[in-house]
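This briefing goes through one protein model by topic, from helix faces to cores, single residues and confidence. Please keep the sequence and the coordinates open while reading.

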Amino acid sequence: MQVTVENVSDIKKKIHVEIPREEVSKELDSAYNDLKKKAKIKGYRPGKVPRSVLERLFKKDVHSDVVQNLVQNSFPQALQEIDLMVIDTSDIDTPELDPDADFKYNATVELKPQLPEVEFKGLEIKKTDYKVSDGEIDAQVEMLRKHLAEYPAITEDRPTAEGDFLTIDYEGYINGEPYPPVSLTENHAIRIGDKSFTEAFDKELVGVKPGDTKEITVTFPDDHSNGDLAGREITFKVLLKEIKEEILPPVDDEFAKKFGKFETLADLRAEIENNLRQGYDKRTNQEMQEQIFTKLLETEFEVPDVMVRYELDEIAKDTEHRFAQNGLSMEQLGLTREILDQQYRPVAEQQARRHLLLNKIIEQENLEVTDEELDAEYEKLSEMIGQPLDFIKKFYKENPGKQDGFKIALLEKKAVDLIINHATVETVAPEEKTGEEKTGDESEAIVET
């Protein structure tokens, strides 16, 4: 067998494999001999069917099987001979078999990039010193108040006004015909001014009285998040059933007790502050990592497509999961996998570069995860997801691939910590946030109910 390598790029090679005609003949003889023992042909006794008959009847299938066997048997040996760090075989080009000639085929392979040693010590990075303010805690308490708010119907005979909470039935029509994506919905809660449909829809609800029916025509923008509504003019038939008022509970110790694990309002506020602090710590770490990777990845290098495809798969899974949590699907939002791949490919490529960079640091610094460190992380995971520690350990023991991924994540965290520990860190005050940005950390502060 002869093996030659054609250079396509630093991380992509084309392997040419040539198998002598003698080996091809042996494979063909073996295949026909096996077939001869099993073939049942009318007019011939078992094991006595002439090869010429077998070739006439089964040539295509036999040649296909022989080609498959030749590739399967020779390709691993070819990879050993070229001695390259192959991480994926993206394409194997096999011609039709010619019994009277050498068998030649080509395979395109991707290699792990060989990065130079990473000089990571002494990086200059900034650490933002975020402070949790009383105003942020107050805002979270207010959100929790709204979570426990009551909405009784008002008894006053009056029309709706800006800020009112309503209960409505509605159905959407296009050209006078019911539009299935906006089918009849009953007892829908809406607040005038929240723009849950559109601002124009809300304005049309002002001045309506309970029991009134009103037609509201809305033209949705072309870039609307719901693909079934985007760019469409839809007429809504709306029945106003009730106007409600919002009654918020008083903020005291009894209010705190309604969240289960708190005895006093001070306990609740302390938990909110702790959650906000954890959110800020996470944000600070992410910002420091962004600075690190910006500096260390200034030099571009090729990334194997298989790694990019893996990152795109993970992004797609995460996107679908987030949509599903909100009762949506990619189809409803007019998204396809092709659109996602195109949109997120730069992100996937950058994420793959980060993994390769961290892997290089792990190798050059001989970083390892000890059994004690692994057990400690299992315990953290057990507490976080509320599953018994034995269950966690058993799961990873029975799923070696998952365990390897878990270890790699721990090693990458070790590498990042090592970089930060060897960096020159300047602590700075946070920049002034705009009104929109001030709500950016709310998700980190919510108390479980």
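On the face of α1 turned away from its buried side, the exposed residues Lys26 and Lys37 are found; exposed stands for over 50% relative accessible area, buried for under 20% and partly exposed for what lies in between, with a 1.4 Å probe and protein chains only. The model is a predicted one, in which local features need pLDDT of at least 70 and side-chain atom pairs count only at pLDDT 80 or more, while totals for chains, interfaces and linings use all residues. Residues are numbered from 1 along each chain as its sequence is written, and side-chain values use heavy atoms, with hydrogens and water left out. Helices (DSSP runs of H or I, at least four residues) and strands (runs of E, at least two) are numbered from the N terminus.

**Helix α1**

- Helix α1 covers residues 21-38, and its 18 residues reach 26 Å from the first C-alpha to the last, close to the expected 26 Å, where the expected span is 1.5 Å times one less than the number of residues.
- The buried residues of α1 are Val24, Leu28, Tyr32 and Leu35; they line one face of the helix, because seen down its axis they fall within an arc of 60°, the arc being that of the directions from the helix axis to the C-beta atoms.
- Among the elements that cover these buried residues of α1 are β2 (12-19), α2 (51-82) and β4 (103-111), with contact taken as heavy atoms within 4.5 Å.

**Helix α6**

- The 32 residues of α6 should span 46 Å at 1.5 Å a residue, and the end C-alpha atoms are 47 Å apart, which agrees.
- Buried residues in α6 include Leu265, Ile272, Asn275, Gly279, Thr284, Ile292 and Leu296, and their cover includes β5 (124-128), α3, α5 (253-257), α8, α11 and β11 (424-428).

**Helix α9**

- Helix α9 (residues 371-385) has 15 residues and extends 21 Å between its first and last C-alpha, close to the 21 Å expected.
- Leu374, Tyr378, Leu381 and Ser382 are buried in α9, and since these residues fall within an arc of 105° when seen down the axis, they line one face of the helix.
- Glu372, Lys380, Glu383 and Met384 are exposed on the other side of α9, whereas the buried residues of α9 pack against α10 (389-398) and α11.
- Gly386, just after α9, takes a positive phi of about 70°.

**Nonpolar cores**

- The largest nonpolar core, a set of buried Ala, Val, Leu, Ile, Met, Phe, Trp, Tyr and Cys residues joined through side-chain atoms within 4.5 Å, has 30 residues, and Phe120, Ile292, Leu296 and Ile419 have the most contacts inside it.
- At least two residues of this core come from each of α6 (265-296), α7 (305-325), α8 (337-364) and α11 (400-421), and α8 gives the most, with seven residues.
- Leaving out residues up to four places away in sequence, Ile419 touches Phe120, Leu123, Ile292, Leu296, Leu358 and Ile361.
- A second, separate core has 27 residues, including Val3, Ile15, Val17 and Phe103.

**Single residues**

- Asp164, in the loop between α3 (134-147) and β6 (165-174), counts as buried because its relative accessibility is 9%.
- The side chains of Asp164 and Arg158 are joined by a polar contact of 2.8 Å, a polar contact being a pair of N or O atoms within 3.5 Å of which, within protein, one must be able to donate a hydrogen and the other to accept it, and residues adjacent in sequence count only if both atoms are side-chain atoms.
- The side chain of Asp164 also reaches the backbone nitrogen of Ala161 at 2.7 Å.
- Thr89, in strand β3 (residues 86-93), is partly exposed at a relative accessible area of 30%, and its C-alpha is 9.0 Å from that of Val306, although the two are 217 residues apart in sequence.
- Ala423 lies in the loop between α11 and β11 and is buried, with a relative accessible area of 16%.

**Confidence**

- The protein chain averages a pLDDT (the predictor's confidence in each residue, from 0 to 100) of 91, and 96% of the residues score at least 70.
- Over residues 435-444 pLDDT stays under 50, and the model has 12 contacts beyond four places in sequence for them.
- Where pLDDT is low, predicted coordinates should not be read in detail.
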